[in-house]
Amino acid sequence: MTEFVNPLLALDYEPAFERLGDDFSDRVSAASFPQHILRFRNDDILAQLGLDAVTDEHFIEAFGKFQGRDPLLAMRYHGYQFGTYNPALGDGRGFLYGQVRANDGELYDFGTKGSGTTPYSRGGDGRLTLKGGVREVLAAEMLHRLKVRTSRCLSLIETGEGLWRGDEPSPTRSSVMIRFSRSHIRFGTFERLDALNRKDLIAILLDHVIEIYYPHLINERDRYALFYAELVEKVADLVAQWMAAGFCHAVLNTDNMSITGESFDYGPYAFIPAYQPGFTAAYFDYYGRYAYANQPEICYWNLEMLQAPLKRVISAEDLKSGLSKFVDRYESSYRQRMLYRLGFDQLEQSIAANLVYRTVQFLQASQIDYHDFFAQITQQFDRSWSEDAGNIFSQRETSNTELATLFENWRQSYCQALNTLSHPELEAVPARLKAYNPDFGLVRSEIEAVWNPIADDDNWQPFYDLLTRIRH
């Protein structure tokens with residue numbers, strides 16, 4: 001009789017992080033859940049892993065019942081939370097399920113969220129609300145659609161428990177999620193080792209990070225300094241991607257910053273409804289530390305805090321030199337991402353800077369829908385816009401004189417930029433607009449519109465329809 005093997009369990013899991021030893025993680029067991037209903041599976045990721053014949057039951061066996069995987073590792077880390085150092089952290093409701101190679105040859109993590117208590121749960125139940133899982137799926141898919149370097153969700157399984165939460169009507173439904181990302185090693189992973197005064201472990205971890213995630217630096221004599229300088233650039237690029245996408249992460253503590261410069265862990269995030277620098281996504285961010293416009297400064301600060309452990313193995317001069325590149329890199333990266341959203345690939349720097357400045361100036365003054373602005377450019381773009389600025393959104397009028405002036409300044413800048421393009425470049429604008437601009441923004445009302453049918457009638461179709469809109 002033929003034995004059918006679960007392809008998710010038969011993947012070639014690599015014990016890369018496990019090989020670091022017990023100084024970096026704890027072996028844990030997953031919770032047993034009373035129910036397992038697969039609510040989401042990401043077949044895009046299956047394709048990246050070279051898998052196709054995977055059933056829903058395979059997902060439930062592997063990622064709901066956690067059959068056949070040992071060890072499961074709760075990773076140890078500390079971190080700065082809202083500016084205050086907290087040594088009582090670590091994986092409190094998740095663990096490293098395993099690490100696998102994708103088709104691109106890179107190593108990726110399967111990490112859980114909501115899989116039960118660990119030594120770092122701090123009195124919590126180690127669970128994830130179903131709404132929290134739905135929100136993370138949507139955030140990751142939308143950011144991926146907007147070409148942000150992000151983790152993604154591989155699966156979401158409803159688990160049949162009632163959870164009590166202060167920020168949701170309770171009891172609320174429960175779930176367990178699998179996150180697919182480059183790495184779950186955080187800034188806080190290094191910060192913990194510094195607090196323990198373990199220079200030896202910092203060097204071991206840094207060698208591991210370079211070997212797995214920065215292999216082009218292995219043979220460089222000053223590979224540690226080069227790693228930090230490259231991480232600075234990756235983080236600057238990432239926060240520029242968030243800002244152009246109109247995304248507010250909400251909880252940029254150092255334990256939520258990946259050592260690979262990848263965006264992950266989406267809790268009370270929000271996409272801005274309009275260009276509001278002071279917009280905050282988390283109700284508990286009372287002083288706006290993690291407001292939308294503060295994100296570049298906070299990421300800079302987090303990189304600065306990372307210097308404390310790294311200075312044990314990297315000179316202060318090299319760390320200062322690496323961090324000094326952040327501002328210029330962020331500004332150039334943000335400008336480029338905004339150009340993409342406006343339909344351009346390359347423009348002369350002064351023209352590009354002027355166009356982005358005029359765009360932001362108009363968006364902030366008008367308070368129109370941030371995401372709809374780019375969607376409207378995508379839907380209405382016409383090649384005649386390069387001939388006369390008056391052709392650009394010719395039907396839009398306003399009685400506000402100041403706003404009308406700002407809008408006209410933007411139109412003139414956009415027309416000027418179009419006029420610098422060659423014919424083939426101009427022909428490419430519509431395709432680039434479509435590549436970078438969905439036809440809607442994933443603001444809170446969109447999320448509530450798919451969650452309410454789930455909560456009220458267990459109707460998941462609006463959720464699946466929204467995922468289809470995001471992807472296509």
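Colleague: Which polar atom lies 2.9 Å from the backbone oxygen of tyrosine 97?

Modeller: That backbone oxygen has a polar atom of the side chain of arginine 69 at 2.9 Å. Keep in mind that this is a predicted model, in which local features need pLDDT of at least 70 and side-chain atom pairs count only at pLDDT 80 or more, while totals for chains, interfaces and linings use all residues. Residues are numbered from 1 along each chain as its sequence is written, and side-chain values use heavy atoms, with hydrogens and water left out.

Colleague: Where does arginine 69 lie?

Modeller: Arginine 69 is in the loop between helix 2 (56-63) and strand 3 (72-75), where helices (H or I, at least four residues) and strands (E, at least two) are DSSP runs numbered from the N terminus.

Colleague: And what is the nearest side chain of opposite charge?

Modeller: It is glutamate 18, 6.3 Å away from arginine 69, which is buried yet has no salt bridge. Buried means under 20% relative accessible area, exposed over 50% and partly exposed in between, with a 1.4 Å probe and protein chains only; a salt bridge is a side-chain nitrogen of Lys or Arg within 4 Å of a carboxyl oxygen of Asp or Glu. For charge, Lys and Arg count as positive and Asp and Glu as negative, whereas His and the chain ends are not counted.

Colleague: Switching to cysteines, how many disulfides are there?

Modeller: The count comes to 0 disulfides, a disulfide being a pair of cysteine sulfur atoms within 2.5 Å.

Colleague: Why is there no bond for cysteine 153?

Modeller: Because the closest cysteine sulfur, in cysteine 248, is 19 Å from the sulfur of cysteine 153, which is too far for a bond. The sulfur of cysteine 248 in turn has its closest cysteine sulfur in cysteine 299, at 11 Å, again too far. Cysteine 153 is buried at a relative accessible area of 1%, and cysteine 248 is buried at 0%.

Colleague: What about aromatics, how many pairs?

Modeller: There are 43 aromatic pairs, counted when ring centres of Phe, Tyr and Trp (its six-membered ring) lie within 6.5 Å, with planes under 30 degrees apart called stacked, over 60 edge-to-face and the rest tilted. One of them is the edge-to-face pair of tyrosine 269 and phenylalanine 271, at 6.3 Å centre to centre and 85° between the planes. Phenylalanine 362 and phenylalanine 407 form a tilted pair, at 5.4 Å and 45°.

Colleague: Which helices hold phenylalanine 362 and phenylalanine 407?

Modeller: Phenylalanine 362 lies in helix 10 (residues 349-366) and phenylalanine 407 in helix 12 (residues 401-419), so the pair ties together parts 45 residues apart in sequence.

Note on methods. A polar contact is a pair of N or O atoms within 3.5 Å; within protein, one must be able to donate a hydrogen and the other to accept it, and residues adjacent in sequence count only if both atoms are side-chain atoms.
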